[in-house]
Amino acid sequence: MKTILIVEDNALNQRFFYDVLGIYGARPLQAYDAQEALTILKKITPDLILMDIQLPRVSGIELTKQIRSIPHLKHIPIVATTAFAFEEKEDELLQLGFNKVLFKPVHIKELKKLCE
């Protein structure tokens, strides 16, 4: 069973991701902002992080940079979620340290693949 940290400030998206990942056998954890995510990451090392780009106060990009600078966390795959569906944005996000980019609305099949 994969542990997946969902970092998403939108309650509807958070609930959708949580429910779908749980249905497909993951152990989803929830964080609504960078501070909450870092608090969880002090206690638990997830198998994957699903990261919203547009978070309040500290962006998903900044949070990813912080995570990549922590030695015991830098190996964790981080999947960006964004509503900005531009190929250029995807390339930019991959260069910034994300392993994959999912464009919103995220499809159930894409979330299922994260659980495999």
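The following exercises, each with a worked solution, concern a predicted model.

Local features require pLDDT of at least 70 and side-chain atom pairs pLDDT 80 or more, while totals for chains, interfaces and linings use all residues. Residues are numbered from 1 along each chain as its sequence is written, and side-chain values use heavy atoms, without hydrogens and water.

**Exercise 1.** Determine the strand order of the open sheet and identify which strands lie at its edges.

*Solution.* Step 1: recall that strands of a sheet pair through backbone hydrogen bonds, either parallel or antiparallel. Strands (E, at least two residues) and helices (H or I, at least four) are DSSP runs, numbered from the N terminus; two strands pair if DSSP finds at least two bridges between them.
Step 2: the five strands stand in the order β2-β1-β3-β4-β5, with parallel pairing.
Step 3: β2 (27-31) and β5 (100-103) each pair on one side only and are the edge strands.
Step 4: for one pair in detail, β1 (residues 3-7) is joined to β2 by five bridges, and I4 is placed opposite P28 in β2.

**Exercise 2.** State which strands helix α1 lies across, and describe the surroundings of Q14 in this helix.

*Solution.* Step 1: helix α1 (residues 11-23) lies across β1, β2, β3 (48-52) and β4 (78-82). The helix runs at about 165° to β2, where axes are lines fitted to C-alpha atoms, for helices over the stretch in contact, and angles run from 0 to 180 degrees between N-to-C directions.
Step 2: Q14 belongs to helix α1. With 0% relative accessibility Q14 is buried (under 20% relative accessible area; exposed is over 50%, partly exposed in between; 1.4 Å probe, protein chains only).
Step 3: apart from residues up to four places away in sequence, Q14 touches I6, E8, Q30, A31 and Y32 (contact: heavy atoms within 4.5 Å).
Step 4: the Q14 side chain reaches the backbone oxygen of E8 at 3.0 Å.

**Exercise 3.** Classify the aromatic pair formed by F16 and F17, and compare the accessibility of each residue.

*Solution.* Step 1: rings of Phe, Tyr and Trp (its six-membered ring) pair if their centres lie within 6.5 Å; planes under 30 degrees apart are stacked, over 60 edge-to-face, and the rest tilted.
Step 2: one aromatic pair is found in the whole structure. The ring centres of F16 and F17 are 5.9 Å apart and the planes are at 55°, so this pair is tilted.
Step 3: F16 is partly exposed, at 30% relative accessible area, whereas F17, at 2%, is buried.

Conventions. A polar contact is a pair of N or O atoms within 3.5 Å; within protein, one must be able to donate a hydrogen and the other to accept it, and residues adjacent in sequence count only if both atoms are side-chain atoms.
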